[in-house]
Amino acid sequence: MAFDISKAVIIDNHAHSLLRNFCEMDEIAFRQCFTESRSMSILQEHMRHSIHYTDLLDHLERIFNTRDEAAFLEFRAQQKESQFAQMLWDDVSIGALIIDDGFQNDKAYNLDELASISGRTIYHCKRLEGLIEESLIAASSLSEAETLFQNKLKETRGQKLVSLKTICGYRGGLQILRPSKDEAHRDFLRLKEEFEETYLRIEKRPVYHYLLLQAFELAAELNVPVQIHCGIGDDDADLIECNPALMQPLFRSQRFAKTHFVLLHCFPYVREAGFLCSLYSNVYMDLSLSISLSSARGTNMISDALAIAPSSKLLAGTDGHSCPESHWYGALCWKRGLTGSLFNMINAGLLTQREAEETGELVLHGNAIRLYRLEGLA
Ligand SMILES: [Zn+2]
C-alpha cells in the first residue's frame, strides 16, 4: 500500500467564518487574510516577499491558471460565493469545521449561513471572554456574575457547541492567577468602580481568572474541550507570556483532571506543547495559524510535535477566516507538511507505510471526531 493522504478528509478544528461579500476583496483586504500584521507597509511592500504568500499564489495558479494577483482578484470578484468556496474546500477535502464566532462577528456570516454557503457541517466554538465581559457588566455582585456566566455557558450547549475557547494568552498571558473567592470579590468591586457601564475589555486580573477557572471545570461537566491560544497570534499579545508551559501547574492540577485542553497555534513553542501532550492525558494541540504563516516549516513543525506527542494528540486546524482561500491554504499546508513529515519517518524506519497513513488520518480527522464527539461523521 503506497502512503497517500492527499484525499483524506480534514476536520478543521479551529477556524472562523467568511466575511459577507468575500468575493469583493481588494488587494489589501485579501492580503490581510494571510498576516497578523496591520501595518500598511507590511501589507503593501513586504507581503509579496513572504514565502507563504508567494506559495499561496503559486498554488492558486494550479487551479485558476493565473499567477498574477491583480488578475486573480478580478477573476474572483466575478464568482458566485457559494460555488467558489465549495470548489476550493472540495479541492482539499475539508469535510467539516469548528468555528469560533467571536471574531469579526458583525461582518461575517453566522454559522447557519456559513453551513448553507459552504455545504459543510459547521460546529460551534464559544469564546469565554465575551461571556465573562457580558456577565461582569450585567452583575451587581460577584455571585450574580458567577450565576449569569454559568447560565450563559449552559445556554450555548444547544447551539451545536463542541468546544469552548479562551484568548487569555492575548489578554495578559497564560500565567493563570488562582484567586480566592475573597480576592475575586474585592477585584469585582474595583472593576465596577473603574470601567464604563457598557464597554469592558477584560485583561488579566483576579475576577477574570476566577471565572475562567470555573469555566474550565464546567467544560468537563458539559463534555466539551477548552481551546487555548498559545504562541503566535494577535499583534498585541506578549509572545513570551504565550508559552503554553506557563499553564503546566493547571494541567497538573486534580481540579482540572477531567477537562480536555487543546493548545492552538503553538509556534514557536511547538516542542513545549508536544511535551505537555506527552505528559498529560487531557492536553491536545494543533498548529493552525502557524502552519499557514510559517508554511515553509510545516514538515518541521509537524515532526517536532510528533517526535514527542502521541499522534492521538495532534489536531488539524487552518485558522482560516474571511475568505475561503485561507481555509484552503491551511488545509493544503497540513497535507503537504504531514506528507513530508510522515515520509521522513518512513525513510528513517520509524513508521511503516500503513502506520504513516493511519497517523495521517488520525491527525486530519480521527482525533477531532473523538475529542469533540462529532458523532455522525466518518
Ligand atoms: Zn487562532
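What follows is a walk through a predicted model, starting from its sheet and moving out to the helices that pack around it.

Let's begin with the sheet. Eight strands make up an open sheet, and their order is β1-β2-β3-β4-β5-β6-β7-β8, with parallel pairing. Because the sheet is open, it helps to know where it ends, and a strand that pairs on one side only is an edge strand: here these are β1, residues 10–15, and β8, residues 314–315.

From the β1 edge, you can step inwards strand by strand. Four bridges link β1 with β2 in the parallel sense, and you can find this pairing in the model by looking for Ile 11, which stands opposite Ala 96 in β2. The next step takes you from β2 to β3, residues 121–127, again parallel, this time over five bridges. A handy landmark here is Asp 100, whose bridge partner in β3 is Cys 125. So how enclosed is β2? Six of its seven residues are buried, so the rest of the structure largely encloses this strand.

Now jump along to β6 and β7. Strand β6 covers residues 261–265 and strand β7 covers residues 283–286; the two run parallel and are joined by three bridges. To locate them, look for Phe 261, which has Val 283 of β7 as its bridge partner. Strand β7 is covered on both faces: Val 283 and Met 285 are buried on one side, and Tyr 284 and Asp 286 are buried on the other.

One helix to look for over the sheet is α16, residues 353–371. Helix α16 lies across β1, β2, β7 and β8, and runs at about 65 degrees to β1.

Next, turn to how helices pack against each other. Two packed helices are described by the angle between their axes and by the distance between those axes. Take α12, residues 270–279, and α14, residues 298–308: their axes come within 8 Å and cross at roughly 25 degrees. An angle under 35 degrees counts as roughly parallel, and that makes α12 roughly parallel to α14. The crossing of this pair is right-handed. On the α12 side, the contact is made by Val 270, Arg 271, Gly 274, Phe 275 and Ser 278, while α14 brings Met 301, Asp 304, Ala 305, Ala 307 and Ile 308. By type, the residues of this contact divide into six nonpolar, two polar and two charged.

Helix α14 deserves a second look. Its buried residues are Gly 298, Met 301, Ile 302, Asp 304, Ala 305 and Leu 306. What covers them includes α12, β7, α13, β8 and α15.

Helix α15 also leads us to a second pair. The axes of α5, residues 81–91, and α15 come within 9 Å and cross at roughly 5 degrees, and these two helices are therefore roughly parallel to each other. From α5, the contact uses Phe 84, Ala 85, Leu 88, Trp 89 and Asp 91; from α15, Pro 324, Glu 325, His 327 and Trp 328. Sorted by type, the residues of the contact between α5 and α15 are six nonpolar, one polar and two charged.

Conventions: Residues are numbered from 1 along each chain as its sequence is written. This is a predicted model: local features need pLDDT of at least 70, side-chain atom pairs count only at pLDDT 80 or more; totals for chains, interfaces and linings use all residues. Axes are lines fitted to C-alpha atoms, for helices over the stretch in contact, and angles run from 0 to 180 degrees between N-to-C directions. Angles under 35 degrees count as roughly parallel, over 145 as roughly antiparallel, 65 to 115 as roughly perpendicular and the rest as oblique. A crossing is left-handed if the near helix is turned anticlockwise from the far one by less than a right angle, and right-handed if clockwise. Two residues are in contact if their C-beta atoms, placed from the backbone, lie within 7 Å. Ala, Val, Leu, Ile, Met, Phe, Trp, Tyr, Cys and Pro count as nonpolar, Asp, Glu, Lys and Arg as charged, and the others, Gly among them, as polar. Two strands pair if DSSP finds at least two bridges between them. A residue is buried if 20 or more other C-beta atoms lie within 10 Å of its own, exposed if 12 or fewer, and partly exposed in between; C-beta atoms are placed from the backbone.
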